[in-house]
Amino acid sequence: MNYPHPLIAREGWPFLIVAFIASVICSLFGWVLPFVLTGLAFLFILQFFRDPPRAIAGGDSLAIIAPADGRVIAIEECDDPWLSRRALKISVFMNVFNVHSNRSPIDGEVRQVTYHPGRFFNAALAKASTENERCAMHLVGTEGQDVTCVQVAGLVARRVLNYMEPGKKLERGERYGFIRFGSRVDLYLPTDVRVLATVGDKVLASSTLLAEFAKAAPDA
């Protein structure tokens, strides 16, 4: 089932309700400064939890799209600690002003979801990938390609949310989780992918192509 687009992510509703009630109370008692602060908090939460619908980039099974809004901060070959293989890692860093819904980078099936507790370093730092709280999702593409999609908590982000279970089928661009208040997503891809992004690029979840899988060799 695809996630409906109410414009404001469901994860933000409790925060919005609390901020709204606090603002109303401050208004009723005539507390000017607290009213202004709670009003600003409400507006910040509103923009943080926005969840707009997006056009889906790529038209075939080879396309790999951005799983999150943000900026590409790393493209490097390294070890995939979740699947014990060499991989090409693309990391997207989300600041507090980015949309924080996470979306599937490929069409595929969820094979495993693994949560790992950890610390809360700045998510822009390289060590965040190995030391911060994180949740890894192993996807297998329609042609057998392995992709590890890792949600990484950050300095302010203290809650990684992944709603998937093994066996779940995901379509490219389908929403699968959320990270609250600043973080990153690491994609571990096969080393033979064709990378289309560069470090420093600003990307949009679902709408930006990051890479393409290599075409399968024709049968002899």
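A cavity is a set of points where a 1.4 Å probe fits but cannot get out. Keep that picture in mind as we walk through this structure, which is a predicted model. Rolling a probe the size of a water molecule over the atoms shows where empty space is left.

So how many cavities of 30 Å³ or more turn up in a search of the whole structure? The search finds 1. The largest cavity holds about 30 Å³ of space. Which residues line the largest cavity? They are Asp60, Ser61, Ala63, Ile106, Asp107, Gly141, Thr142, Gln145, Arg172 and Phe213. If you sort that lining by character, you get 3 nonpolar, 4 polar and 3 charged residues. Glycine can trip you up here, because Gly counts as polar in this scheme.

Let's move on to the strands. One open sheet has 3 strands in the order S3-S16-S14, and their pairing is antiparallel. Strand S3 (63–65) and strand S14 (194–195) sit at the edges with a single partner strand each, so one side of each has no neighbour in the sheet. You can look at one of the pairings in detail: S14 is joined to strand S16 (residues 209–212) over 2 bridges, in the antiparallel sense. Find Val195, and opposite this residue you will see Ala211 in S16.

A second open sheet is also worth a look. Here 3 strands line up in the order S6-S12-S10, with antiparallel pairing. Which strands stand at the edges of this sheet? They are S6 and strand S10 (160–162); each has a single partner strand, so one side of each is left without a neighbour in the sheet. From one strand to the next, the twist averages 25°. S6 pairs with strand S12 (residues 175–179) in the antiparallel sense, and 3 bridges hold that pairing. To spot the pair on screen, start at Ser101, which stands opposite Phe178 in S12.

Now step back along the chain to His100, in the loop between strand S5 (85–94) and strand S6 (101–103). Is His100 buried or exposed? Anything under 20% relative accessible area counts as buried, and His100 has 0% relative accessibility, so this residue is buried. The side chain of His100 also has contacts with backbone oxygens. One is the backbone oxygen of Asn98, which the side chain reaches at 2.7 Å. Another is the backbone oxygen of Asn95, which lies 3.5 Å from a polar atom of the His100 side chain.

Next, try strand S7 (residues 108–116). S7 runs antiparallel to strand S8 (residues 134–141), and 8 bridges join the two. Along that pairing, Thr114 stands opposite Ala136 in S8. S7 is also joined to strand S11 (residues 169–170), again antiparallel, by 2 bridges. If you check Gly108, you will find that its bridge partner in S11 is Leu170.

Finally, swap strands for a helix. Phe42 is found in helix H2 (residues 32–48). With a relative accessible area of 25%, Phe42 is partly exposed. That label fits because partly exposed means between the buried cut-off of 20% and the exposed cut-off of 50%. Phe42 and Ala22 are 20 residues apart along the chain, and their C-alpha atoms are separated by 9.4 Å.

Conventions. Residues numbered from 1 in each chain as written. Predicted model: local features only at pLDDT ≥ 70, side-chain atom pairs only at ≥ 80, totals over all residues. Heavy atoms only, no water. 1 Å grid on protein atoms, 1.4 Å probe; cavity = no way out; pocket = protein on both sides within 12 Å on 5 of 7 lines; lining within 4 Å. Points joined across faces, edges and corners; volume = space filled by probe spheres on them. Pairing = 2+ DSSP bridges. Helix = DSSP H or I, 4+ residues; strand = E, 2+ residues; numbered from the N terminus. Buried < 20%, exposed > 50% of the residue type's maximum accessible area, 1.4 Å probe, protein only. Polar contact = N/O pair within 3.5 Å; in protein donor to acceptor, adjacent residues only side chain to side chain. Axes fitted to C-alpha atoms, helices over the stretch in contact; angles between N-to-C directions.
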